[in-house]
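Here are a few notes from my pass through the fold, as numbered points. Have the viewer open while you read.

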Amino acid sequence: MRHEDAAKAAVRGLGVETASWAYANSGTRFKVFPQPGVPRDPYEKIDDAAVVHRLTGAAPTVALHIPWDEVDDYTALAAHARDQGVRIGAINANVFQDDDYKLGSVTNPDPGVRRKATDHLLECIDIMDATGSKDLKLWFADGTNYPGQDSIRARQDRLAEALAETYGRLGADQRMLLEYKLFEPAFYSTDVPDWGTSYAHCLQLGERAQVVIDTGHHAPGTNIEFIVAFLLRAGKLGGFDFNSRFYADDDLMVGAADPFQLFRIMHEIVSADAHDPAQGIAFMLDQCHNIEPKIPAIIRSVLNVQEATAKAALVDADALAKAQQDGDVLGANGTLMDAFNTDVRPLLATMREDQGLDPDPVAAYERSGHFETIRDQRVGGEQAGWGA
Ligand code: PSV
Ligand code: MN
Ligand code: MN
């Protein structure tokens, strides 16, 4: 296969999951700037996700966050998604927005609070059963602010206990994806601060527990592609929360701050054939569009992932392997850079035309009149619940 054809094939197979909360109003802790036309309920968030999928052909699933997306009937919500041409993706649990969780959720010293938190995780699995979702996504805000505040070791024991109970409730075809985050909201110690901690818990739990890499959750300068390579090799990479950051958990559009980093990550993925949907890696966007229009920003983000994937698939793997084997440092690096420096936009435009899509999905959205419709129809849209 020609390199260009291989690149098109790699991109065509890749599904990018969008997040329900990215369609709703969001902001920083200083201010939420409401936008016209945002969804008023989970059904309308799914409608927006379906618009992104229709225009890109590449966003077939939408993740939910519970209780932000609480509805009476999850089977009906999943049916609505299907009618719109998308499916429900990961169910994200929320054990961080209740007064009870001031000192932690599943690691809280109070067994009553731990019970409440674990019950929520189990409820999320019920929602997976009702919606057909395969992934339970866990992120814990748990940690401490002051040395001595609690026992770091005891908190790990409590975490392990809650994870084991939750894991035991998963169906045979369901996974638990455990996210890590260096800091925030806890500032002294975080109970799942890094991939090693997440990996160790997942290893203990079993095959269907895997690590999620949120690209915004590391110390500056962290080599994220190393983490990708390590976890892939160990069969423990469950998926990504893609976004980009300049400083901390900025939740900006993926590939905006550092397209080269996104390329390096996708090179690890593509060189291990892990972009193949059969490998089960979830490529999700976990972003907030606080000042830019949301739907076009999400479309742009999907395209950014596609561009990085196409560039990664353009790497001349034979030349790279030979240079590596020969100890040709400059040659190996040059092979990688040749691919990164290729403008893949024309190639992706023809790929979209072949798929019967508009070659420029952002422009197609602007022309579609969709924004004007939702602006007029939806009054009093929702706040995501995050960053307010
Ligand atoms: C935490 O910062 C996080 O990345 C987790 O994935 C949450 O579920 C998500 O943000 C909410 O936006
Ligand atoms: Mn995340
Ligand atoms: Mn985050």
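1. Start with strand β3, residues 87–93. This is a predicted model, and in it 7 of the 7 residues of β3 are buried, so the strand is largely enclosed by the rest of the structure. Buried here means that 20 or more other C-beta atoms lie within 10 Å of a residue's own.

2. What sits on one side of β3? Strand β2 (residues 61–66) runs parallel to β3, and 5 bridges join the two. If you want a pair to click on, try Ile-66, whose bridge partner in β3 is Ala-93. The link between these strands goes through helix α3 (residues 74–84), and β2, α3 and β3 together make a right-handed β-α-β unit.

3. β3 also pairs with strand β4 (residues 135–138), again parallel, through 2 bridges. Look for Asn-92, which stands opposite Lys-137 in β4. Helix α4 (residues 111–131) joins β3 and β4 in making a right-handed β-α-β unit.

4. Moving on from β4, there are 4 bridges to strand β6 (residues 175–179), and this pair runs parallel. Asp-135 has Arg-175 as its bridge partner in β6.

5. Now zoom out. How many strands close into the barrel? There are 8, in the order β1-β2-β3-β4-β6-β8-β9-β10, with parallel pairing. Direction ignored, neighbouring strands of this sheet are turned by 30° against each other on average.

6. Last, have a look at helix α7 (residues 224–233). This helix lies across β8 (209–214) and β9 (237–242), and runs at about 165° to β8.

Technical notes: Residues numbered from 1 in each chain as written. Chains lettered and ligands numbered in written order. Predicted model: local features only at pLDDT ≥ 70, side-chain atom pairs only at ≥ 80, totals over all residues. Buried ≥ 20, exposed ≤ 12 C-beta atoms within 10 Å, placed from the backbone. Pairing = 2+ DSSP bridges. Right-handed = clockwise from strand over helix to strand, strands pointing away. Axes fitted to C-alpha atoms, helices over the stretch in contact; angles between N-to-C directions. Contact = placed C-beta atoms within 7 Å.
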